[in-house]
Each structure stands twice: as C-alpha cells, then as structure tokens.
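Colleague: Got a minute to go through this model with me? I'd like to hear the reasoning behind each answer too.

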Amino acid sequence: MLSTMNGAGSYIALLLLRAYYLSLARNANALQELSPQEYFSTSQPGRASLVYFSRDVSPSVRLFLDQLENSAGALQDYGISVVKVNCLQEDVSRYCRKANAIMKAYLFRGNVLLREFPTDALFDVNAIVANTLFALLFNEVKYITTLLELQNLENSLKGRSNIVLAYVPAIGTPEHRAVMEAAFVYGTTHQFVLSTEVELLKHIGHETSDALSARLFFCHCQRALDPAQPCRRTPMAQSLTTLNIHTHLKLMAAPLVTEVAEDPEKVSTVHLQLGLPLVFILSQKETYQADKGTAEFVAWQLLGKAGVALLSRDFVELNVLLRSNVALKTAEEGLPIKYLLLEDTDEIIALVEDKIKGEQIQEEEDEEDEDERDNNNQDIQDDQVMEAVYRDRKRELPLELIRTLTEETFHAALMESAHTVVLFYASWEAVSLAMLQSYVEVATELKGTQGISLAKINCWEWPDVCTKQNVTQFPIIKMYEKGVRSRTYTGMLGTAELLRFLRLSSISCPLKLTTLEEVEEYLSGEVHADTSVLGIFHPRMKEARDAFVEAGNTLRGYVATGLYAEDDVLVLAHKYGVPLPALLLAWHEDHRIDGIPLAKHSAPDIVQTIRSGLLGTFPEITVENLPSYLSLPKPLLVLFSEGALTERVRSEMLSLARGKGRKAFLACWINLKNTPVGRGVLKAYFSTPPPLPLLAWLNLHSGSQVFAFPSEQSVTETHVLSWLENVKAGLEIPSTTLSDEDWKPPLPAYNFLRLMEATLPEFTVHTVYSRGDTDRLQQSEEVSEEKSTVREELVEEPGLAAEKGQSPGRDLRGTARRLAGREKPSKRHTEL
C-alpha cells in the first residue's frame, strides 16, 4: 500500500519500537486476581477497571478468562486495569451474589459502575478492547443510525470542528477496535461518529459499497464557514487499521496546498514522508490567484492520495521551469523530479491516479511472481527436509573436521583409531545433506577427543563400498571398533542424540565395578551424566551375569550399564530392598534410584526389562520418545498441560501411576510449551479443545477411542480411577474415534539404485534385493539384458573407458562431475 512506502519507514520504525516497549509493559501487567475486599479497598478514584467476578471455572468461563487475560496488556496501554475478583475467597460483594454474575463483566471508574457487559459480547481481545473504550469514550464518540442525525451533527459543528465518521458492520470487530483506539488519541481534536447501519452508508453516496466492509470518512466541517455550505467528505481508501487511520488523519490535518519558494529537490512534506507523491503547480506573480485556485481544486481531488504545492517561478531559478507547468516528485529516493507540460487538471489527476494504479499493478505482479516462484519450488516445499536444505544451500560447512573416504582409503582409515564413525550418504539426497549439517556439529563437539575420529563417504561416488557395508538406504551412520565390529546408529538424526550415542558407544558397556565406592560414584552420576543402569549379581550367578553382559552390549550407545558381582553385593541388595539378581536404575536428574528384580535371566528379557524401566513413572511425552511409548500395547492416560504441573497434580498422577492397576495403562503427560505439536493433537481429538490441564484416555491399540476427563472434577487418584471404571464399563461417551488406517507414507519409497541403473546406462550397480523378492529380481535381470548393448557402446566412448575385470564401483569415480558435462544429465531426485 502507498502508506507503507519508503517515506513512511521512520514512522513505522517508531511504531514498532513503541510496540516493543508496550509488549514489555503488557507482560508486566497481567490479569490481576483479587478478593472483593482487596479490589474495592484499593481501587483508585478516576481510574477505570474492567472487572469479572468469578465463582466457578466451567469450560465457557475458562475460554472467556483466557481472552480477558490476553486483553489485560492492551487495556493497560490506555490506563485501564483488568481484574478477576475471586468470589470463592469471601462472598461479601453484591456482585458475587448475583444469580447471573458469571455471565457479566463490569466496567468501573473508581468505585462507580459505568457499564455492564454480557460476556457473550466480549468474545475475544478485539471485542474486549473495543467495547471497553467505546463505553469510556461515550462523550467523545457518538453513535448514529440515520442520515438526519449525521446532518444535524454536521450543522452543529460547521466552522468549529471536523468529524471522523466510521461505519463498521458489527460492534467488537477489529475495525471497531481500531476506530476506538484512534478516538482515544484524537477524540479531543475531532468529533468521532460511529454507525453500524448500512443504509446510512448508501445515503452518503456509496450505494455499491460492500455492507461487510468497514469504511471511514473525514468530514471537513471546520472549513464550512457558511451554514448553507455542506461538509466535504473524504473517504479513506485503505482498510480500517490503527496505522491506516492515523495516516489518514495526518493527511487530513496537513495544509491543503503548500506554498514553496525553493528548489523542489529540497522540499519535504508530510505526504512524501508517508510515501505519497507531491504535485507542484508552477506559478508566477501575474497568474498567482488563478494558479492558487487550480492548486486547491487539484488538492481536493487528490486529497489522501497526493500532496499539492504551489511553486513560484519568481523565486526559483531553474531553466526547466520555463517550459513546464507541473512537476511530480515521488517518495522513492534517487528518482528525479518529472517536469511536465499538461493542458488541464484532468491530466494532473490522471497522472497521479495512473501512477498509483501502476504501483498497485506492480504489487500484484510481484505477488503473482512470488506465487509462481513458490509453484516452481513446489518440489522443495512439498518436503520440509528438502525445504530446509534449500534454504541453507549457500551455507558453508567446516568439513575439514571430517575425513572424506574413498574406496582406496576406507579400510585403512578404520584401523587408525579405536573408534571410527562413518557417515554413508548420497550427495543428491535431501536427508543426507541435512544429516551432514548435524554431523559437522557433532565433529565440532568431539574435536580433540582421543580415540574417536569422524569420516564420511559419498555412496554416489563409491557405491561398491556402500554395498559391501550393507548400506541400503541413506543416510546411515556406523561406528567401527578397530575395523572389526560395527554398530549402526538407529536414533534421531539430531546433534544431541547422535553425540550421546557416540559417547556411550566409546565406553565399556557394561562397565565392571569392583568396590562399593565405585558403585556409589557410578550411581551418583559422577561417571555418566545420563540415566545409568547397574546390574547386581551374586558371584555364583554366572548365567544371569553373562546374560546381562550380552544385554549391555546390545544396548551399548543408548544407555550406560554397569556390573557389580562381588562378595559384598548383598549390602547393595539390602540397601535398595531388592532380591538378587536385580537392576538398579539411577535417575541422576531426580536423584532417585529404583530397584527392579530380574525375574527372567535371558539377555532378550533383560533388554526388555531395562527398556521398560527406562520409560519411567509418569514420564513427559516428547517427539523423540513418543515412538517408544506407542510401541507398548497399553492404553495411554495423557495429561495435557500448558507448562509445568502443580505439585498437587503431579503428586496425584504419580500415585495413580504407581498404584493399583498401573500395569494396565501408561500414565504420562505433555507440556505444550516444550512440545507445541501437542496442540495439533488436541485439535485432532477435540473440535473445541477443553481448558487445560486436560486428562485424556487414549486406547490406540483397541477401538482408537479418545475420552476426556470431566473438567468440573479435580484430578485426584480417586476421581480418575472411578472415571476409568466408567470408561471400561462403557458408561462414558468418547470425544472422538480415531481412524483405524495404518500410518503409512503417502507414496511408496523409491528404489534409487534401480532407478539409477535404469536411467543411467553407465551405472553397473548391483542392486541388493530382499529375500523373497524373486519376481522383482527377475524383472531386473530382464532390464539388464536389454541395457547390455547400450553399456557396451558406452564403454568405448572416449573418457569413459574402464578396465575389464574391475569391480563395478571403480568406473563410477567422478560420475557426478562427468554427468554434469553430458547433453543428457541424470535425473534429479525431485524428477524421480
């Protein structure tokens, strides 16, 4: 829009700065909660306050209180405090005893009641601010319904004051709020008038106006000195926002015509500052009166669109002025003034309006170009990972910390360090490139660490190496121990998770402890900062001890495990109240140690026991650990919370999680501030999300029904267990039933090796197929036979010849570089 052009930059910057400090003030002035006695004894004479007398917290009341709290900062800007009076603490106020008190809010000035509002009228922040200011400004803002009322008001103000007339389709809308905020600032300068009658809009000459669109008019009654002279009305072309109204009123307050006697290049008016053009009418002494009349006529026609100045030729020595009668100066910096010779005022008006129209068309074309670019990048934006990689495509990564391997250096590099970490990736694949960024961050964290070296190999360049290492997808990270054994990382592709895996993989698991002092250090977290598991065994329990060692190796990289099997192990068993053999789980953050007896002694059973124990009691659900909990064949009892839990609620939920029937379900909670995706889950479960905290029962493994704990009941172990009995008995109605469709990718996975083989004749990659896939293997062999003659021809092409008998991967060295120069390049990932 014109009001947001470069000339308005300083003004907008001031507004943004003001908004920043206002936001700080709002955070410091949240909704006040007082007792009736506190409120009426501390209210200040003359200070306005919006008060709600609260007795209960039903869902509808909770939604209103949320909006009331959100409006506290905005009303504080106007010196209006927002208070919730708690009638449950002391019922001494007559407002608390009213039957419908919870359905109303009250506006006071000091202790004097000004207005009662039904809470239905205060449905959001805009409605609260608009209605509150409307009630306070009842002397400054007049409400009218007919044209006669407007005409009578104009006649009474002619020669004295101007009128700002606003039409809004409904009270409480954002446009209504913008008008009231403007009236709060300019109410003593102009008379503000409000109407919601569309018939009035038609009577003042806007029959074709959209009844749903708010409009604003500036009525120039101060200039109407003759009682018979009507007030001119200038409509605001822009939408009704606080900034646009402020800009329009600034333009209306500016001189109709500015007389200048200096170089036009040095002239600056409010119009140029707000991004509007300035028209110069060139005048001289002999025609001054006629030129001034022309300038005023043009100014009225362009009011709100451009400024008009009367420039005297007698005081400015510019040769160009002699052959021109009009000049146009725009707000863009660096653009010269246009000097023109026009025949009449219509050409001046058309010149400005065509410029405005041209700028609007240019803005629309820019938007269309942006949409077209978005469409052209659809292949990027369809995939969030590809979009992120595309955004960071110019970012240079410090790859010098990571060794680049080839077919010749791969095996030798594995023997150089005690632990060598290798990233197998494809240079054209988005997830690989995203993983490479995390991999660089890990390398930076491990810089200087003895015994761990990081390397990478591009499977696009060296497919034979990747095939021999059983790499069938990208990216894959493997950790090698002296080139003998390798462990494949299967966790999240993030820096913290990978770093934790590498550090835990580089230590002995289980760590053998020999003294009780070492055990205490291990359980206290001095050895490992993560949650630790200690297996305690009698020296004669060789079978169970060996199974635990095997389980520790299986879990290596994901959890720290220790082993204690000395003669004095009974001291530990007695201290933690568990029979041997047993596990001790040390939760270092909570300074808690849990003892778990080992009923089954096989390695898989111990692994499962450790994994189940690490899930914890009443855990917090996050994106990272959600798959672990969904894999359990149990219903979930989930508490959705906006922030940390209160001590009472946490205590009740812990009792519930540890009490009777705890093995039949998993009690957990989601902090929506830490895991914002939980809000989307709530929207999927409930069309209108209930107030928080919300306790929900999710049986995703049977029926996929979702039940919400009654919001009017407090969350206690007794209430929840009683409610769960009703749920199991079919006495509760589910809030929703989730779809029973399997969670599958929207499209099947690409077999990139086969696609490369089919599209690039020079590729001779041997695709690895799974067992039982004989039909596809047979088809692949048929395709290979059809392509064989093409391969033989390409082998003879200069620069692409390969020695016979070489491994299939050797003749692919530098393929990406060679293909870049061919007439038919390989297909990109998005084209496949």
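**Salt bridges, cores and odd backbone spots**

Modeller: Sure, let's start with Lys-202, which counts as partly exposed at 34% relative accessibility. Keep in mind that this is a predicted model.

Colleague: Which residue does the side chain of Lys-202 meet in a salt bridge?

Modeller: Look inside helix H8, residues 198-203, about one helical turn from Lys-202 and 3 residues apart from it. In general, an α-helix has 3.6 residues a turn, so residues three or four places apart point the same way. The partner is itself partly exposed, with a relative accessible area of 43%. With 3.9 Å from N to O, the pair falls within the 4 Å cut-off, and the partner is Glu-199.

Colleague: How many salt bridges turn up in a search of the whole structure?

Modeller: One of them joins Asp-594 and Arg-592, whose closest N and O atoms are 3.2 Å apart. Asp-594 is partly exposed at 24%, and Arg-592 is partly exposed too, at 23%. Over the whole structure, the search finds 14.

Colleague: How many residues apart in sequence are the parts that Arg-679 and Glu-642 tie together?

Modeller: The two side chains meet in a salt bridge at 2.8 Å, N to O. Arg-679 sits in helix H25, while Glu-642 is in the loop between strand S26 (636-641) and helix H24 (647-658), so the pair links parts whose separation in sequence is 37 residues.

Colleague: Is Glu-642 buried or partly exposed?

Modeller: Buried would need under 20% relative accessible area. Glu-642 comes out at 37%, and its partner Arg-679 is at 36%. That makes Glu-642 partly exposed.

Colleague: What joins Glu-481, Arg-485 and Arg-556 into one network?

Modeller: As a general point, side chains of opposite charge can pair when their charged atoms come close. For Glu-481, Arg-485 and Arg-556, the links have partners in common. What joins them is salt bridges that share partners.

Colleague: Moving inside, is Val-164 buried or exposed?

Modeller: Val-164 lies in strand S7, residues 163-167. Beyond its sequence neighbours within four places, Val-164 is in contact with His-190, Gln-191, Phe-192, Val-193, Leu-216, Phe-217, Phe-218 and Leu-249. Its relative accessibility is 1%, so Val-164 counts as buried.

Colleague: How many residues does the largest nonpolar core have?

Modeller: Leu-68, Phe-192 and Ile-245 are the residues with the most contacts inside it. Phe-192 touches Val-164, Val-179, Ala-182 and Leu-249, among others. In helix H7 (residues 174-186), the buried residues include Val-179 and Ala-182. The size of that largest core is 71 residues.

Colleague: Over to the backbone: which residue does a cis peptide bond join to Phe-474?

Modeller: Check the loop between helix H17 (463-468) and strand S19 (476-481). Omega of the bond is about -10°. The residue joined to Phe-474 is Pro-475.

Colleague: And is Asn-470 buried or exposed?

Modeller: Asn-470 is placed in the loop between H17 and S19. Its phi is near 60°, a positive value in a residue other than glycine. With 57% relative accessibility, Asn-470 counts as exposed.

Colleague: Last one: which residues make the nonpolar surface patch of about 250 Å²?

Modeller: One of them is in the loop between helix H22 (603-614) and helix H23 (626-630), namely Val-623. Val-623 is partly exposed at 48%, over the 30% that a patch residue needs. The patch is made by Met-492, Val-623 and Val-677.

How values were computed:
Residues are numbered from 1 along each chain as its sequence is written. This is a predicted model: local features need pLDDT of at least 70, side-chain atom pairs count only at pLDDT 80 or more; totals for chains, interfaces and linings use all residues. Side-chain values use heavy atoms; hydrogens and water are left out. Patches are made of residues with over 30% relative accessible area and no salt bridge: like charges are joined within 9 Å, nonpolar side chains (Val, Leu, Ile, Met, Phe, Trp, Tyr) within 5 Å. Accessible areas come from the Shrake-Rupley method with a 1.4 Å probe; for residues, only the protein chains shown count as cover. Helices (H or I, at least four residues) and strands (E, at least two) are DSSP runs, numbered from the N terminus. Buried means under 20% relative accessible area, exposed over 50%, partly exposed in between (1.4 Å probe, protein chains only). Contact means heavy atoms within 4.5 Å. The expected span of a helix is 1.5 Å times one less than its number of residues. A nonpolar core is a set of buried Ala, Val, Leu, Ile, Met, Phe, Trp, Tyr and Cys residues joined through side-chain atoms within 4.5 Å.
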